[in-house]
Amino acid sequence: MPVPTHVFDPPFNIIRSSHAVLDVTNLEASRKFYESVIGLHVEDVDDKAVFLRGSEERQHHSLVLRKAAAPAANRLGFKVANDTDLDKAASFFSENGVSYAFAEQPFQGRTLQFTDPFGFQLELYATMEKRPHLLRRYDLYRGCHPQRLDHFNVFAPEVQGTVDFYARLGFRLTEYAEEDGENGRIAAAWMHRKGNVHDFAITNGKGPRLHHFAYWVPTAMNIIHLCDVMASSGYLKNIERGPGRHGISNAFFLYVRDPDGHRLEIYTSDYNTMDHDHEPLRWSLRDPRRQTLWGAPAPRSWFEQGSPFPNQPLREPAFVADVVIAD
Ligand SMILES: [Fe+2]
């Protein structure tokens, strides 16, 4: 199936994935998980929401937990280069039939919310309130020392169409998994704006749903330490997969589930991709090193469970990819 070519002059300039807004059913339980276990810093809190960030981040939040009746991936946030990009985005969406609205969001400048043609709910902004970063405040470090939000990964029922849409917006393909044979279909794609392996990964599956969001940590030892912390603090069952090393992205990883089942990846040791002539790497769906370099397949829950977007009906995937599942 067609691999998109890089677009270097997109209609507006997204610079990176920025923040996740999650609907959670118990603010206190979620705050405890992300602050005390994972180690994110709480920047603000009220009776409806908790705002958190990693130690390196100079802006107000990279995770917003919102109290809600049901868990959901409320919105995925991307930062654009400047305020005029928001107007350029609005024009592009108008011309292409994408629904959008400007919205007031706490601690953020002008924010443009849109639902893409596949049902993913995103928002764009150029400015957010700044805070001093905490990178050298080692006295405040907890959990796995999460440093910055790195990427989102979504379940998409129409992978090829979704990949083509985001390629138009300037997302560049770094790695992809494909069926073998002449008519092999792309089953998953990793696309970036900021110059590492990805800001947005698109995975074949029932959707639209968020598969996971990821925080970058300094070393693999931070991930191993988090396993010890979770095992000794009552969160053993929240460890879903890993630790391990992905073939794709070369990242050392751990997947955990929060109290509502939202999936968080702890992630480190991927690589740079900013060269204009960086070529995407193809993986065969049958190569076990793709999921885990050491060969262990992912559990069934990893292929089947995800966070829906509010009010977006779920669709079955266009095809069922022949993946290896650990049962
Ligand atoms: Fe990931």
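## Two domains and the sheet that leads into them

Strand S1 (residues 14–24) lines up antiparallel with strand S5 (residues 72–80), and 8 bridges join the pair. Helices (H or I, at least four residues) and strands (E, at least two) are DSSP runs, numbered from the N terminus, and two strands pair if DSSP finds at least two bridges between them. Within this pairing, Val21 has Arg75 of S5 as its bridge partner.

Before going on, a word on the model. It is predicted, and local features need pLDDT of at least 70, side-chain atom pairs count only at pLDDT 80 or more, while totals for chains, interfaces and linings use all residues. Residue numbers start from 1 along each chain as its sequence is written.

**The sheet and its helices**

S1 and S5 belong to an open sheet of 8 strands with mixed pairing, in the order S2-S3-S4-S1-S5-S8-S7-S6. Its edges are strand S2 (41–45) and strand S6 (99–103), each of which pairs on one side only. On average, neighbouring strands are turned by 25° against each other, direction ignored. Axes here are lines fitted to C-alpha atoms, for helices over the stretch in contact, and angles run from 0 to 180 degrees between N-to-C directions.

Two helices pack on this sheet, as the table shows. Residues are in contact if their C-beta atoms, placed from the backbone, lie within 7 Å.

| Helix | Strands touched | Direction |
|---|---|---|
| H1 (residues 27–38) | S1, S2, S3 (49–53), S4 (63–67) | about 160° with S4 |
| H2 (residues 83–95) | S5, S6, S7 (111–115), S8 (121–125) | about 25° with S7 |

Towards the S6 edge, 5 bridges join S6 to S7 in the antiparallel sense, with Ser99 opposite Thr115 of S7. S7 and S8 are also antiparallel, joined by 5 bridges, and Leu112 has Leu124 of S8 as its bridge partner. The hairpin of S7 and S8 has 5 residues between the strands, and there Gly119 takes a positive phi near 95°.

**Domains and cores**

The domain assignment, which is automatic or from a database, gives domain 1 (14–129) and domain 2 (144–309). Their C-alpha centres lie 20 Å apart. To their contact, domain 1 gives 33 residues and domain 2 gives 37 residues. On the domain 1 side, S1 supplies the largest share, 9 residues.

What sits between the domains? The largest nonpolar core does, because both domains give residues to it. A nonpolar core is a set of buried Ala, Val, Leu, Ile, Met, Phe, Trp, Tyr and Cys residues joined through C-beta atoms within 7 Å; buried means that 20 or more other C-beta atoms lie within 10 Å of a residue's own, exposed 12 or fewer, and partly exposed in between, with C-beta atoms placed from the backbone. This core has 66 residues, of which Ala189, Ile202, Tyr215 and Ile266 touch the most other members. Strand S11 (residues 186–192) gives the largest share, 6 residues. Leaving aside neighbours within four places in sequence, Tyr215 has contacts that include Gly54, Pro146, Leu264 and Ile266. Apart from this core lies another, of 11 residues, among them Ile14, Leu86, Leu112 and Met128.

**Helix H3**

In helix H3 (residues 159–168), the buried residues are Val159, Thr162, Val163, Phe165, Tyr166 and Ala167. They pack against strand S9 (148–156), strand S10 (172–178), S11 and strand S12 (200–204). Just after H3, Gly170 takes a positive phi of about 95°.

Definitions and conventions: Two residues are in contact if their C-beta atoms, placed from the backbone, lie within 7 Å.
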